[in-house]
Amino acid sequence: MRYHSIRRAASAAALLLAAGVLAGISQPAANAAATPTTVSVNARAGLAAMPATGLGINDAIWDQELGTNAVADLLKSAGVTMRRYPGGSYADIYHWADHTAPGGYVAPNTDFDRFMAGVRRTGAQPMIIANYGTGTAAEAAGWVRQANVVKKYGVKYWTVGNENYGNGHYGSAWEADNHPDKSPRQYATEVVAYADAMKAVDPTIKVGAVLTIPAGWPDAIVAEGDAGSWNQVVLSIAGPKIDFVDVHWYPGGGSAAEAMGKTAHLTDALYIVRQQIAKYAGANSGRIGISLTETNVGVGPNTQPGAIFLADTYATLLANGVFTVQWWNVHNGIGNVSTVAGQTDYGDFGILSSGTCTSDGTTCEPALNTPFAPYHALSLMNSFARPGDQFVRAATGDPLVTAHAVRRSNGDVNVLLLNRDPDNARDVTIDYAGFAPATGAVTVHTYTNGAAGIATALAGTATSQTLPPYSLTVVRARDSRVVTGPPSAPGQPTASGVTDRTATISWPAARAGAHPIAKYEVYRQFGAVSEQLGETPGTSFTVGNLRPGSRYTVNVLARDTAGNVSWASPPLTLTTGTPAQSTCTVKWTYTTDWSSGYVASVDITNTGDRAHPSWTLTYEWPTTWQQMNGGWNATWTETGRTVKVTSLDGSGPRRGRRHGQRRLRRRLQRPERDTHGLHPQRHALYDAHPLAEAPAGRIAVRPAALSRV
C-alpha cells in the first residue's frame, strides 16, 4: 500500500533480495515507423469475460473526500464498479465499531455508512478489508452482521487483512500485526477462523486471503521454521475455506518506458498464481478467484505513463480472469514533482487531485478533485469493455504499440490501442480473424498526452487508424454481418488424461440457435493466431502430437448446419507432462543468484545402454526478456528465445554409474526483482525432457512447464 505519498522502506536484507538493475534488457527506440504497424485481432481466441466488478479503486479513511457526492459522481462517470475500504495498510489498525485507527489519522465523515452511501451513489460494489493485524475474527464477524444483517447492505467481498507478509516475519515490517506468531501458518490458521466466524453470520459472502504476487517480495522465501513460502503455506491451510486470493503489484521502474513495459510480466504471474492454487489449495480449488486490489506505476503516476500503464494493466489482468483490478487510490497527496513528456507530474498516486502543495509552497496541484491522466484512462476502459464482453487475443509486432480487444455482446469488436512512443504517431493496419468488420468510418475514442479529457469522433476505418504520440485509442468495429440465431458458446472446457503428447478436452454443449449444431472445433491460441487442433460432433476431443512440457491455451467453438459459428468458449490452459520413458534425463538446478541474474547447472544423464559421442540440448525461454550470458563445458548459442547447447569434443554424456552425470554451468541475466514487482523467471527452473525419436548421436531436449521453486 502507498499512503500520504510515503512509500514504505524495506529492510536492507529485503532490498538486497528485491532491488537491482535491468541487466541485459534494453528499451526499444522511439523512432517513427516507416511502414504501418500491423495489429492482429483474433475473435476465435477467446479469453476471460469482463466481470461486473472489473474496474476498481481504493478509498481510505484518511481521505476527507471519501464520502462526498462529488467523488461518487466522478467515479460513476469513469465506470468504477468496485470500491475498496478502509484503505490498504490502515485496514490492519482500523476498528469499524468505533471508527478508529490507533496510530493513524481518520478524517471526518469517512465511517462505514458514509462509505456505503458513496458506493451506492457510484453504482459500485464494495470490497471490505477485515482487520487482521490488530483485530479478531469476532470483530470481523460483527462487521458482517452490521453490514448485511442490520443494515442490509449486501457486502459480498471480504478480505482478511492487507499485505500481511509485511509484518516483519521476512525482515521488513510495515503492516501492523499484534500476533506473537507472525508466520504464514498463523495467518492461514486465523483466516480459517475468520472465514468460519464471518460465514456463520452470512454464508453468502466471499472471503479472501492475502498472497504475494509471484516474483514480488517475499515470494518463494522460506523463513526459518516455515514449511514453505508464504503462498504455499497459506493456500495449504486456508485453501479449503477461502473463495479468492488477493495480490498487489507495484512494479516500479527507473524510467517511464521501463515502468510501462512491465505489464508484459502479468500473464505469467497469474499463470503461476493459478498453478500455486491448483497445487496447494486442495480439492475444487478452481472455484478460487483472484483479485488485484492495489497497483500503480513507478514513473509519471499523474501523467501519460500512468494512463497507459493503467489501461494496459487493467486490460491484461481482466483478460486473464482477475475479477477486479483496483488502482491505488482515489486521493493520495503531492509527492516528488517532475516533468514527464512536457507535463507536470505531481508524484501523486491518487486518481484525483488532492489540491495539496509541496512543503515549501512552491508547487501546488490543480484544484481539488481535478482528474489526473489515469482517471481518463479508467474512463476509456469503461468505453472499451463492459460487463459480459469477452476479451479476445490481440497482438502487434511493434514494441511501442500494445493492443487489446473485446467482442461485445452485440457481436461488435472494440480494439484498445496504446502508443507508448512519446514523440511519434503510428499508422496501424488492423487485421481481424473470426470477425468481418463493416466498412466506412468508425467511432474512435482517444486520450492524448496532456488532454483535459477523451475525444470522440468518426475517424479512419476498422482496419486503418493513426495513433497520436503517447496516446490511448479505442476503435469500435461494427460487425458487417447480421446473423440470426447463432449457437451459443460452448461452456468452460476441462482437460483430462494429459500426458507428454496428448490431452482429452471436454466441454459443456452449446445451445443450438436457429439451426442444429453440426460440430465443435477445437483451436489452440498461438499468439493472436488460432491453430485448429481438430473437430468433432461430440463434446470431447483427444488432441495428439503435442510437445512435452509445453503450455497450451485452447478454445472450443460451435458451428451449426448453416455455417454460423459461435463465440469462443472460455479458455483452457494446460501443460503437457514428462515423457513416461526416455533414455536421457536433463535436470536444471539453481545454484546462486545476484540482483540481476543467477547461475544454474544443467545435468544431462544418459540412462540408456548406448553411448552418445555428441549431443545437442535445445530449450526455449517462456518469455522474451530472459537472456543467456554465457556458460561452461559446452558451446552455448542463443537466437531469440531459443538456446542451443552443443557438446565439446568427447564431452557426451556417458552411460553407467561410473561416469555418472555431465554438468554444465551457465549464467543467466534477468530483469530486476522489485519489492512489489514481478521479475521474470528466477522461477523458470526446468526439468528438460528429450524429444521422442531423437536421431542417433543427438539428444534434443525442451524445457518442461514453467514451475515455481
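Colleague: I'd like to start with helix H4. Which of its residues are buried?

Modeller: Keep in mind that this is a predicted model. In H4, the buried residues are Ala-137, Ala-140, Ala-141, Trp-143, Val-144, Ala-147 and Asn-148. They sit on the same side of H4, because the arc they cover around the axis is only 155 degrees.

Colleague: Why does that kind of spacing put residues on one side?

Modeller: An α-helix has 3.6 residues a turn, so residues three or four places apart point the same way.

Colleague: Which exposed residues does the face turned away from the buried side carry?

Modeller: That face of H4 carries Ala-138 and Val-150. The buried residues, for their part, pack against strands E3 (82–85), E4 (125–130) and E5 (157–160), and against helices H3 (112–122) and H5 (184–201).

Colleague: How far apart are the end C-alpha atoms of H4, and what span should its residues give?

Modeller: H4 has 14 residues, 137–150, and at 1.5 Å a residue they should span 20 Å. The end C-alpha atoms are 18 Å apart, which agrees. Just after H4, Lys-152 takes a positive phi of about 60 degrees.

Colleague: Let's turn to the core. What is the general idea?

Modeller: In soluble globular proteins, nonpolar side chains tend to be buried together. Here the largest nonpolar core has 111 residues, and Phe-112 and Phe-391 touch the most other members. Helix H9 (residues 304–319) gives the most to this core, with 10 residues. Another core, of 21 residues, lies apart from it, with Val-41, Ala-405, Val-413 and Ala-477 among them.

Colleague: What is Phe-112 in contact with, leaving aside neighbours within four places in sequence?

Modeller: Its contacts are Tyr-85, Tyr-94, Ile-128, Trp-143, Ala-147, Tyr-153 and Val-155. Trp-143 and Ala-147 also appear among the buried residues of H4.

Colleague: And Asn-164, in the loop between E5 and H5: is Asn-164 buried or exposed?

Modeller: Asn-164 counts as buried, because its relative accessibility is 1% and the cut-off for buried is under 20%. Not counting residues up to four places away in sequence, Asn-164 touches Asp-92, Tyr-132, Glu-175, Tyr-187, Val-210 and Trp-230.

Colleague: Last, a sheet. In what order do the strands of the 3-stranded open sheet come?

Modeller: The order is E20-E21-E24, with antiparallel pairing. Strands E20 (494–496) and E24 (540–543) are the edges, since each pairs on one side only. From one strand to the next, the twist averages 30 degrees. E20 is joined to E21 (residues 503–506) by 3 bridges, and the bridge partner of Ala-495 in E21 is Ile-505.

Conventions: Residues numbered from 1 in each chain as written. Predicted model: local features only at pLDDT ≥ 70, side-chain atom pairs only at ≥ 80, totals over all residues. Heavy atoms only, no water. Helix = DSSP H or I, 4+ residues; strand = E, 2+ residues; numbered from the N terminus. Expected span 1.5 Å × (residues − 1). Buried < 20%, exposed > 50% of the residue type's maximum accessible area, 1.4 Å probe, protein only. Arc of directions from axis to C-beta. Contact = heavy atoms within 4.5 Å. Core = buried A, V, L, I, M, F, W, Y, C linked by side-chain atoms within 4.5 Å. Pairing = 2+ DSSP bridges. Axes fitted to C-alpha atoms, helices over the stretch in contact; angles between N-to-C directions.
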